[in-house]
Amino acid sequence: LLTSLAKQSREVRHVQWTIIFGRAEKALKKATAFVRKHPSEHVRLLGFTQDIDSYFAASDVVVTKPGG
């Protein structure tokens, strides 16, 4: 997913990606390392946030995983 995201962020400049990992700290660290190697001003990585409703409201598309 991150490889595709890195490619898309270079090709499609009008899209902003915000990926919220919640409490999945290991996945966030891995994604952060990847983004450091493939920097993009269009990709933002977040851990747990109390502001999730604001992110949903500001989004055109939301992709989630099943479960908690």
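This passage walks through a predicted model of a protein chain, from confidence to cavities, pockets and a handful of individual residues.

Confidence comes first. Across the protein chain the mean pLDDT is 88, and 99% of the residues score at least 70. That confidence varies from element to element. Helix H3, residues 52-58, has the highest mean among the elements at 95, while helix H1, residues 2-11, has the lowest at 75. H1 turns up again below, so its score is worth keeping in mind when the cavity is discussed.

Next, the empty space inside. A search of the whole structure turns up one cavity of 30 Å³ or more, and the volume of the largest cavity is about 30 Å³. Around this cavity sit Leu2, Leu5, Ala6, Ser9, Phe34, Val35, His38, Ser40 and Val43. Two elements, H1 and H2, give two or more residues each to that lining. H1 contributes the most, with four residues. By type, the lining of the largest cavity comes to six nonpolar residues and three polar ones, with no charged residue.

The largest pocket is another matter, with a volume of about 1400 Å³. Its lining counts 33 residues, and those nearest the pocket centre are Thr18, Ile19, Ile20, Val62 and Val63. At least two lining residues come from each of H1, strand E1 (17-20), H2 and H3. The lining of the largest pocket splits into 19 nonpolar, ten polar and four charged residues.

One of the cavity-lining residues, Ser40, leads into a closer look at the loop between H2 and E2, where Ser40 is found. Ser40 has a relative accessible area of 18%, and because buried means under 20%, Ser40 counts as buried. Its side chain reaches the backbone nitrogen of His42 at 3.0 Å. His42 belongs to that loop too, which runs between helix H2 (25-37) and strand E2 (43-46). With a relative accessibility of 11%, His42 is also under the 20% cut-off and so counts as buried. Beyond its neighbours within four places in sequence, His42 is in contact with Ser9, Arg13, Val15, Gln16 and Trp17. Of these partners, Ser9 is also part of the cavity lining.

Gln16, another of the residues touching His42, is placed in the loop between H1 and E1. Its relative accessibility is 56%, and since exposed means over 50%, Gln16 counts as exposed. A buried residue, His42, is thus in contact with an exposed one, Gln16. Along the chain, Gln16 and Leu46 are 30 residues apart, and their C-alpha atoms are separated by 13 Å.

Leu46 comes up again as a partner of Tyr55, a residue of helix H3. Setting aside neighbours within four places in sequence, Tyr55 is in contact with Thr18, Ile20, Arg44, Leu46 and Thr49. With Arg44 there is a polar contact of 3.4 Å between the two side chains. Thr18 lies 37 residues from Tyr55 in sequence, yet the C-alpha to C-alpha distance is 8.5 Å. Thr18 and Ile20 are also among the residues nearest the centre of the largest pocket, so two of the contacts of Tyr55 lead straight back to that lining.

Two more exposed residues round out the picture. Glu25 lies in helix H2 and has a relative accessibility of 57%, which makes it exposed. Glu25 and Gly47 are 22 residues apart along the chain, with 7.0 Å between their C-alpha atoms. Pro66, for its part, is placed in the segment after H3. With 74% relative accessibility, Pro66 counts as exposed. Pro66 and Phe56 are ten residues apart in sequence, and the C-alpha to C-alpha distance between them is 16 Å.

Technical notes: Residues numbered from 1 in each chain as written. Predicted model: local features only at pLDDT ≥ 70, side-chain atom pairs only at ≥ 80, totals over all residues. Heavy atoms only, no water. Buried < 20%, exposed > 50% of the residue type's maximum accessible area, 1.4 Å probe, protein only. Contact = heavy atoms within 4.5 Å. pLDDT = per-residue confidence, 0-100. Polar contact = N/O pair within 3.5 Å; in protein donor to acceptor, adjacent residues only side chain to side chain. 1 Å grid on protein atoms, 1.4 Å probe; cavity = no way out; pocket = protein on both sides within 12 Å on 5 of 7 lines; lining within 4 Å. Points joined across faces, edges and corners; volume = space filled by probe spheres on them. Nonpolar A, V, L, I, M, F, W, Y, C, P; charged D, E, K, R; others polar.
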